[in-house]
2 protein chains.
Amino acid sequence: MARRATVYDVAQRAGVSIATVSFAFTRPEKVKPETIRTVMVAADELGYVPSANARGLARGRTGAIGLYAYDYVLDPPADEHAAEGYERSARLFPLYADEVQRGVQLECRSRGLALMIGGNRTPAHLPHVIEVAGRVDALIAFAGALSVPHLEQAAARMPVVELGGEVRVAGAHTVLVDNRQGMADLTAHLVRVHRYERFAYLGELGTPEFRARREGFESTLEEAGVPVPPVLPAHPGDDATTSASVAALLREGPLPQVLVCDTDQAAVVAIDALRRAGLSVPGDVAVTGFDGIIAGRLLQPILTTVRQPMAAIGRAAVRLLADALDGAEQPTTNEDLVATFSAGGTCGCD
Amino acid sequence: MARRATVYDVAQRAGVSIATVSFAFTRPEKVKPETIRTVMVAADELGYVPSANARGLARGRTGAIGLYAYDYVLDPPADEHAAEGYERSARLFPLYADEVQRGVQLECRSRGLALMIGGNRTPAHLPHVIEVAGRVDALIAFAGALSVPHLEQAAARMPVVELGGEVRVAGAHTVLVDNRQGMADLTAHLVRVHRYERFAYLGELGTPEFRARREGFESTLEEAGVPVPPVLPAHPGDDATTSASVAALLREGPLPQVLVCDTDQAAVVAIDALRRAGLSVPGDVAVTGFDGIIAGRLLQPILTTVRQPMAAIGRAAVRLLADALDGAEQPTTNEDLVATFSAGGTCGCD
DNA sequence: ATGAAAGCGCTAACAC
DNA sequence: GTGTTAGCGCTTTCAT
């Protein structure tokens, strides 16, 4: 590749100083129109492209924001076998994080912000997030994707917003969705409308949002005097575990009346597993999810779930950061969004 | 936000020189283990995060690659009215570019590359792509998203791969899909199996890939001695035009037997428009698409189309760039991928 | 094994 | 309105 043209080259060719070149690009109103034209011509001829690195160094800002997501959001199946089922899995459709990312992209675009999406394989002791943090002015992180210390470290040097979390880390802004209430609404529907009494619960407690969902579930059952089932393991991105949990449920019987899953993804996998086992959903077992991903809307019948405003979450995060970036040192803000119960057919309705 | 700690701070705290700090991070084998430990401790205490900008400046590389997509890929509906229909539109589902982007992300991630997704609102005369180009080591661009001069300008200073194009720009690598053959296969199916003779064609000729599709269509019809219809306008991201073209078709009659669309997105919109007009697809008019997006698989019946290996396209692009980046000055490579005819029900099959 | 010092390309005072 | 110049934080010879 040819050596990149620099301000010096352009300045020389245009017969002006490098400062003038710089001004011509960044503060055209301070430069004589004719001079600007001369500079632009020289720049074009040289194919000059300002170095974002140098600019960022000098300005102390990069003009980009970072997005840090879970690993599993992007990870493809490891082997060929998995890859086969993969084609038919929920992963074919955009999941929660994909939808949120789309919102982030849209908002970044309309604000002229570059978006940096982090990689991995980072040098030894540096957490992956640093890889991203070193090149952006602000950071968006999915709740649970970063340890609290790392979040705090990042928040100490730049605006950070945690997405969908329930924990308010010192210095980090948050975009919250009321997971607890959403799951409570869904559970209440199952108890009051369907009169279910034997529940099973598929999910995990690894992040604040999952815990909030579980809480909404537990508290509603307790209020209704319905026995609270244990948490059977299911992790986003690990469909095998979900299937295994369903298998265990079938093996150990008796079958619950309804299987409440803490993500749509788990619900989709669970329904598939149940149907393969010859059971009807919702005939033999009702199933519910959480998130509102597309795959759920494509099931027959449609998945009963709690819809998160995913794109809005992403947009809100960018908006928060953009404000923090040009506004003064703001107090940490928390944007609250609602999660809406959405009755489909898998809960037994219709 | 607190001032970021720099190498100087770390060096001072650890009682070493900045060079040693730098070495400790980048060439640990050249530094005494004990020194490394001292440095790391100091760095941790200070919450030191290397500045990617400074590093990039000094090294001449950023470690990031850029993705430049069409505007319409990301643009949300402009007004509220549009936003309403939006919910029901194909845009709900990932389109061609989204699927390709996913492939790009996956591959970047597994290679430890940061991915920069460009914004807009760029200073006057600089094309948007420059905004991205200034911050990355290599660039991926969708065919037609950039003018040839811009592509060449970018290619002069960094590895560039053009996605899905048919034109081989000087210095740019390409990932090609045989659009011509794909469309020829589809058209042949319509001619031989269904014996259609009255065709309509919805699409555009604005990019090499679209032109290639049209060529595959035309040549197949010509060989079969079937009259070649004109191109009725339909542009990705502009569903209104597509609907208008369908309306014109209905108004001006007689109805063709089959409507060949050069994208799935156009096909989905066209089918919707036809059905709203009280027509049956494929009963009254058969319709076909091109791309293989998810939305097409969800139609009743399934959309007949030509499937592009979208994720594979994205991955191939990154692979190409990564090779170019660490390999020597390579000749421009062209990766060829196939587009597979996929018979659904909208062509009249079943 | 470690330190000194010269850039990398650009911005932003501050002069003129 | 334009030029001079001192950094921005890091890498990287070249000495030591």
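**Chatting about two DNA strands and two sheets**

Trainee: What does the polar backbone atom of B:A54 lie 3.3 Å from in DNA strand D?

Mentor: That backbone atom is 3.3 Å from a base nitrogen of DNA strand D. A polar contact is a pair of N or O atoms within 3.5 Å; within protein, one must be able to donate a hydrogen and the other to accept it, and residues adjacent in sequence count only if both atoms are side-chain atoms.

Trainee: Before we go on, what kind of model is this?

Mentor: This is a predicted model, where local features need pLDDT of at least 70, side-chain atom pairs count only at pLDDT 80 or more, and totals for chains, interfaces and linings use all residues. Residues are numbered from 1 along each chain as its sequence is written, chains are lettered from A and ligands numbered from 1 in the order in which they are written, and side-chain values use heavy atoms, with hydrogens and water left out.

Trainee: Okay, back to strand D. Which elements give two or more residues to the surface near it?

Mentor: From chain A, α2 (18–26) and α4 (52–59) do, and from chain B, α1 (7–14), α2 (18–26) and α4 (52–59) do. The largest share is five residues, from α2(B). Here helices (H or I, at least four residues) and strands (E, at least two) are DSSP runs, numbered from the N terminus.

Trainee: And how many residues surround DNA strand D?

Mentor: There are 27, and the closest are A:T20, A:T35, B:V7, B:S22 and B:R55. "Near" means that one of a residue's heavy atoms lies within 4 Å. The side chain of B:S22 also has an N or O atom 2.7 Å from a phosphate oxygen of DNA strand D.

Trainee: Of the strand D atoms within 4 Å of the protein, what percentage belong to sugar or phosphate?

Mentor: It's 63%, and the rest belong to bases.

Trainee: Now DNA strand C. Which residues are closest there?

Mentor: Those are A:V7, A:Y48, A:R55, B:T20 and B:T35, out of 25 that surround DNA strand C. Sugar and phosphate make up 70% of the strand C atoms that come within 4 Å of the protein.

Trainee: How far is the polar side-chain atom of B:T20 from a phosphate oxygen of DNA strand C?

Mentor: The distance is 2.4 Å. For A:R27, a polar side-chain atom sits 2.9 Å from a phosphate oxygen of that strand, and B:K32 uses a backbone N or O atom, also at 2.9 Å.

Trainee: Switching to the protein itself: in what order do the four strands of the open sheet in chain A come?

Mentor: They run β7-β6-β8-β9, with parallel pairing. Two strands pair if DSSP finds at least two bridges between them. The edge strands β7 (231–233) and β9 (286–288) each pair on one side only.

Trainee: Which residue of β9(A) is the bridge partner of A:L259?

Mentor: A:V287 is. Three bridges join β8 (residues 258–261) to β9(A).

Trainee: Last one: in β4 (residues 160–163) of chain A, which residues point which way?

Mentor: A:V160 and A:E162 point one way, A:V161 and A:L163 the other, and all are buried. Buried means under 20% relative accessible area, exposed over 50%, partly exposed in between (1.4 Å probe, protein chains only). β4(A) pairs in the parallel sense with β3 (residues 138–142) over four bridges, and A:A141 stands opposite A:E162. On the other pairing, with β5 (residues 173–177), there are three bridges, and A:V161 has A:H173 as its bridge partner.
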